[in-house]
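Colleague: I should like to learn how to read a few local features from a model. Could we take them one at a time, with the general idea before the case?

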Amino acid sequence: MSQQPFFSIIVPCYNVEKYLSYAIDSILNQPFSDWELILINDGSTDDTKNIIESYAHKDARIKVIHKPNEGVSTARNTGMDIAIGKWILFLDSDDWFEKNAFKNLEVLIEQYHDADIIGFNHFYNSEKREWKRESIIPNRIIRTGNEIKYFKLDTLFPYYDKKMNDISTGAIRGVWGKVFKRELIKDNHIQFETNIKIGEDAIFCLDTFNAAKKIVLCNEYLIHYRVFQESTMNKYNPAILHINEQSLNGYYQRIKGFLISGDKDYKICFCGMAAECLFRSFRLYLLHPNCTLSFSEKKSIIRKMLQTELYQIAFDCDLSYLPKGKREMVYCAKHEMLNMLFAFAYVSCVIVDFLRK
């Protein structure tokens with residue numbers, strides 16, 4: 001390995017004894033050796049610590065940090081603080097890389113040597129099957145200068161690029177589907193927001209997009225994303241309203257200048273993000289089977305939420321760009337048709353659950 005490794009791979013680890021070795025082995029087995037692997041044990045209580053230590057003893061390229069549990073954002077920030085590679089990759093500890101991922105990335109980086117960020121595609125893996133995420137279309141998306149605006153909009157509202165430009169950007173919000181030039185992150189003092197529990201990936205990407213001069217997305221499938229039925233995005237969560245508010249505010253603080261100036265694109269996409277938060281409020285809380293609140297109590301919660309400034313700002317725009325289902329939900333929310341809002345939300349939740357099976 002050279003004095004400065006080509007890649008720094010940052011992996012936060014929390015109670016992942018079942019999957020961690022698979023993730024680490026996918027790096028060790030790459031036919032490309034110029035990397036450092038930074039494993040952050042985020043206060044695990046299972047055998048994660050011992051697994052990490054055993055690998056570190058065998059390979060000098062592996063750096064290990066043990067710290068109290070503070071969440072994935074703090075763990076990633078800790079990894080970035082010590083990373084010295086030219087390029088930074090993030091890997092979740094239950095995911096893994098394709099065998100030739102690093103070689104393919106090296107070729108892409110040589111080809112697009114002046115890019116600040118290069119994104120790639122991924123496989124989904126459940127316990128029963130593997131499938132590819134929909135293609136990035138076109139096969140190469142290269143944007144510079146003002147064109148990067150659409151990548152920023154996509155982090156808010158992934159449907160927008162497809163609707164406006166017939167472009168599919170893949171998992172534009174995920175940090176694990178990109179390689180970032182380390183200088184971009186360091187020079188612009190970019191970190192993960194530690195107070196945001198959902199959407200921290202997308203907000204980090206938005207910050208890097210704001211700083212980048214050239215971004216390339218490629219349709220190579222280089223990483224496997226493990227899907228769990230009981231993931232954070234499916235579990236009952238009474239705190240979701242507060243989590244949504246933090247996430248929505250994180251976006252708002254970064255784009256409020258565009259919203260104040262009346263930029264149509266940002267207004268539509270901020271509405272799209274708020275619609276997503278509204279749907280999550282129903283799916284993970286108010287319409288979840290574990291919720292024991294009365295219908296009257298549920299309506300009172302939604303009414304209060306919709307009266308907050310962020311939702312008032314978000315829903316004051318053209319709704320025609322929203323996808324079916326969310327468009328009807330936001331229309332009902334905007335006009336205080338709460339009974340209809342709950343009906344549309346219920347149907348949307350049923351459809352999502354059916355499609356996930």
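Modeller: What follows treats a helix pair, a buried residue and some backbone features in this predicted model.

Colleague: How does one describe two packed helices?

Modeller: Two packed helices are described by the angle between their axes and by the distance between those axes. Here, the axes of helix H3 (residues 72-82) and helix H8 (residues 200-211) come within 11 Å and cross at roughly 40°. Angles from 35 to 65 degrees fall in the oblique class, and H3 and H8 are therefore oblique to each other. The crossing of H3 past H8 is right-handed.

Colleague: Which residues of H3 and H8 meet?

Modeller: H3 contributes Val 72, Ser 73, Arg 76 and Met 80, which meet Glu 200, Asp 201 and Phe 204 of H8. In the contact of H3 with H8, three residues are nonpolar, one is polar and three are charged.

Colleague: Let us turn to solvent accessibility. Is Asp 161 buried or exposed?

Modeller: A residue counts as buried under 20% relative accessible area. Asp 161 has 0% relative accessibility and therefore counts as buried. Asp 161 is placed in helix H6, which spans residues 160-165.

Colleague: Which residues does Asp 161 touch, leaving aside those up to four places away in sequence?

Modeller: With those left aside, Asp 161 touches Arg 143, Tyr 150, Asp 154, Asp 166, Ile 167 and Thr 169.

Colleague: Asp 166 appears in that list. What is the phi of Asp 166?

Modeller: The general expectation is that most residues other than glycine have a negative phi. Asp 166 is not a glycine, yet its phi is positive, at about 55°. The residue lies in the loop between H6 and strand S9 (178-181). Asp 166 has a relative accessible area of 51%; the cut-off for exposed is over 50%, so Asp 166 is exposed.

Colleague: Where is Glu 336 placed, and what is its phi?

Modeller: Glu 336 is found in the loop between helix H13 (326-334) and helix H14 (338-356). Its phi is positive, about 55°, although Glu 336 is not a glycine. With a relative accessible area of 62%, Glu 336 is exposed.

Colleague: Finally, the peptide bond itself. Which residues does a cis peptide bond join?

Modeller: Most peptide bonds are trans. In this model, a cis peptide bond joins Ile 137 and Pro 138, with omega about 0°. Pro 138 sits in the loop between strand S7 (130-132) and strand S8 (140-144).

Note on methods. Residues are numbered from 1 along each chain as its sequence is written. This is a predicted model: local features need pLDDT of at least 70, side-chain atom pairs count only at pLDDT 80 or more; totals for chains, interfaces and linings use all residues. Side-chain values use heavy atoms; hydrogens and water are left out. Helices (H or I, at least four residues) and strands (E, at least two) are DSSP runs, numbered from the N terminus. Buried means under 20% relative accessible area, exposed over 50%, partly exposed in between (1.4 Å probe, protein chains only). Contact means heavy atoms within 4.5 Å. Axes are lines fitted to C-alpha atoms, for helices over the stretch in contact, and angles run from 0 to 180 degrees between N-to-C directions. Angles under 35 degrees count as roughly parallel, over 145 as roughly antiparallel, 65 to 115 as roughly perpendicular and the rest as oblique. A crossing is left-handed if the near helix is turned anticlockwise from the far one by less than a right angle, and right-handed if clockwise. Ala, Val, Leu, Ile, Met, Phe, Trp, Tyr, Cys and Pro count as nonpolar, Asp, Glu, Lys and Arg as charged, and the others, Gly among them, as polar.
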